[in-house]
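Colleague: Please take a close look at the charged side chains in this model, and at how they pair up within and between the chains. I would like one careful, connected account that I can follow with the model open.

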Amino acid sequence: MLPISYSMGNVVARPGRSFVMIVVVALVVVACSLFLGLLSSLHRTVAMTGDPMNLVVLRKGSDNDGSSQITRLAYDSVRYLEGIATGPGGQRRVSPELVVQPFFWTKEGGRENVLVRGVEPAALDVHGDVKIVEGRMFRPRLNEILIGKALRGRYRGAEIGQRIEFGRNQWRVVGVFESDGSSFESEVWVDAQDLANDARRINPFSGVRLRAASEGDLQGLKARIDADPRFALEASRETDYYAKQAETAGSLEFLVVAIAILAGTGAGFGAANTMYASVQARTAEIGTLRALGFPRSAILLSFELESLLLSAGGFALGALLALGLAEVLRRVLGGVSFGARTFTTNLVTLSIAPRDLALSFALSLAIGLFGGLGPAWRAARLRPIEALRKA
Amino acid sequence: MSYLGLVLANLRRNRLRSLLTGGAIALAVLLVCILLTMPAGLDALLSRLSNNTRISVVNKAGLVYSMPYAFARKIRALPGVEDAVGQVWFGGAFEDDGKVTFPNFAVEVDHIETVYPDYGISPQGLADFRRYRDGMIVGRETMKKYGWKLGDRVTLRSTVWPANLDLRIVAEIPNDRSPIAWINREYLDQALKAKGRSLGILGIVWVKVTDPKEVNSVMLRIQELTRNSEAETSTQTEKSFFSAFFGSLEGFVTILMVVTVLVSLCIVFIAGNTASMAVRERAGEIAVLKAIGFRRGSIFSMLIAETVMLSFTAGAAGVGLARLLTELLRNAAAGSPQLGPLGGFIVNQAVVVQGLLLSLAIGVVAGVVPAFGAARKPVAQTLREVF
């Protein structure tokens, strides 16, 4: 066996050539990480919304709360059910909610549907991850609103103390909330009755969100709500509900795979070129090694190792570049907007997750492995006498 | 020996290297071409869905906010407007689980024909739609999905109005882009009146403009008409209306462009590496060429020509391959709705030109530094190094 330091020495010996391969792999890694990051951020934003102990209760057949309406009677039938968790003051953790999708006007003058959620103060007991990070809770009947963090700066007036025009009124922003990057952050929260008045809704609620006291209670509540013949309601676990909303078109994933394969193969060719040149330049050296008694396998392994080291270096550089570029894009673009199932805008913050980097790492190793295979094979098959003669 | 012959011979000297470099360039150009089709493909998809003389009018507050019924009549009276049809979301569910599986609207039946002349609905069907209160026009996609035929009777249960309507299918929209269904507004109104309610509102008005050049002025006139009324309106062309349903894609397109630039850079490095290897190996030869009287300019052009020829040939292959691939994809997409959106991505002439220019540019950029270095190096020094 040749020591690893031999391969490492070769990497350093010809810095120009090594640099080219590292840069090529790095660029492929940046391209793939960015795309993977975009997909996973999109998925994370929507699918990571909700709490596994919460139930979403909607009209049977509605697949999102934008297309559901329930009566006050239906709400009453749900709110006093057994098995609903209670807060420290004994209040039941039940949140009746009205969802409306009015137009918001972006600073550039475009119109976008934004999800506005009419709630009661109890909403904060049910949606545990939603926290007001600036300002205060809205007061009812005053047209005051809370905005999700992601809306800030995107729409006209989306700042604390300013007024946003939507629906039939102007609304004063009194607070900003966060929810660990989930899609709630792309919403506006407002008093349910204020919103029902503005939208002239007869039924003041789209649905009910409630928190179960235990897993057993959740199953029991779901069974009872689904089976009640009077109101035709349907309950689903909140996390399942959002996972369903996140089912994006397969086309995007197809695109990323195609990019990875094409760019990876191209980079593999480039890597092979570098390694062939490396073998050629060291023909005499390889002959000497063989003459000294190193077996073919040792030569093969050492060149493979060199190629893998180079591609790993390329990954390291690419990962750094990708993380930096993602930060720049975040600053420049802010949230990347995507249409959701409800036809409302979801603002996705681009970030590259460890999993995306791991996949890019696998890709760069594959480039090194397959790019190095041909040259390493050629080096291993060199006949010692001929190789030495060339020197 | 002609210059061309020399260049070709040099390219053939290390075939494997030329092949690998060419392969890398071809693949990358292929990728760039496919990425370049995306923005245009999305745009083409929208254009196919929409008509350039149709505009939408909705309440400025949002799609779920309604407008007074009289708006449609007032809009029809505006100059430049050929006709307009007011529509209301019926939200009818056909299946037992109450899911709305295709969009359905209650419309003013008399105005469908003039607003949607491009839909190709049969004259008989349109006449029947006007004649029978319970008539319904259904898009072919939905007809196929449920195996419905003309004359079939179906019941839709509204998810927004207290009304279940028995309907008869009188016509089909004979194109695959529309799963939509239209029912008679009067029929819904009667059903509601029987329950003590009435319709009285519009959700959206689709306006057909006489002249495509008039679109902007008509949009302004409509906004003017409704200013300071109880419902101000927002107007959009059909294309921008549909594009909103795809969500805004500006962020996605930006990242697409960033990736395209990265991949192009990647090829420059690969091709540049190859060029510099070639120059290094042939240092002695180049010195000899100079010694026997070749000018620097000729040496420089010859080396650049080598890189450019390689990258242009490979790039052209990549462009051709991209064209072939998208063509195959389009044929595949025609038969499968799942791949449907991918069918819109076509390597058109603009993309072909861009791809070829890119390969040319790559050749020049990658070749210039090594070629310049080789051409400038003093003969004596090189010869001394080599021999």
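Modeller: A salt bridge here is a side-chain nitrogen of Lys or Arg within 4 Å of a carboxyl oxygen of Asp or Glu. By that rule A:D65, A:E97, A:R117, A:E187, A:R209 and A:E238 are linked in a network, and the structure as a whole holds 41 salt bridges over all chains.

Please keep in mind that this is a predicted model, in which local features need pLDDT of at least 70 and side-chain atom pairs count only at pLDDT 80 or more, while totals for chains, interfaces and linings use all residues. Residues are numbered from 1 along each chain as its sequence is written, chains are lettered from A and ligands numbered from 1 in the order in which they are written, and side-chain values use heavy atoms, with hydrogens and water left out.

Within the network, A:R117 pairs with A:E187, and the closest N and O atoms of the two are 2.8 Å apart. This pair joins distant parts of the chain, 70 residues apart, for A:R117 sits in strand β5 (residues 115–119) of chain A and A:E187 in strand β10 (residues 187–191) of chain A; helices (H or I, at least four residues) and strands (E, at least two) are DSSP runs, numbered from the N terminus. A:R117 counts as buried because its relative accessibility is 1%, where buried means under 20% relative accessible area, exposed over 50%, and partly exposed in between (1.4 Å probe, protein chains only). A:E187 also counts as buried, at 3% relative accessibility.

Strand β10 of chain A also contains A:D191, whose side chain meets that of A:R141 in a salt bridge of 2.6 Å from N to O. A:R141 belongs to the loop between β6 (131–135) and β7 (144–148) of chain A, so this pair ties together parts that are 50 residues apart in sequence. The two partners contrast in their surroundings: A:D191 is buried, with a relative accessible area of 5%, whereas A:R141 is exposed because its relative accessibility reaches 53%.

Chain B offers a further example in B:E186 and B:R133, whose closest N and O atoms are 3.8 Å apart. Here B:E186 lies in helix α7 (residues 185–193) of chain B and B:R133 in the loop between α5 (123–131) and β6 (135–139) of chain B, the two being 53 residues apart. B:E186 is partly exposed at 39% relative accessibility, and B:R133 is likewise partly exposed, with a relative accessible area of 39%.

Between the chains, by contrast, the count of salt bridges for chain B and chain A is zero. The two chains do meet, with 55 residues from chain B and 63 residues from chain A in contact (heavy atoms within 4.5 Å). Together they bury about 4,700 Å², of which 69% is on carbon and sulfur atoms, buried area being the accessible area (1.4 Å probe) that two parts lose on being put together, summed over both. B:Y65, B:F252 and B:I255 supply 14% of the area that chain B buries against chain A, more than any other three residues. The side of chain B that touches chain A draws at least two residues from each of α2 (15–49), β1 (54–59), β12 (233–237), α9 (238–245) and α10 (250–281) of chain B, and α10(B) gives the most, with 18 residues.

From the other side, leaving out residues up to four places away in sequence, A:F35 touches B:F252, B:L256 and B:V259, together with A:L255, A:V256 and A:I259.
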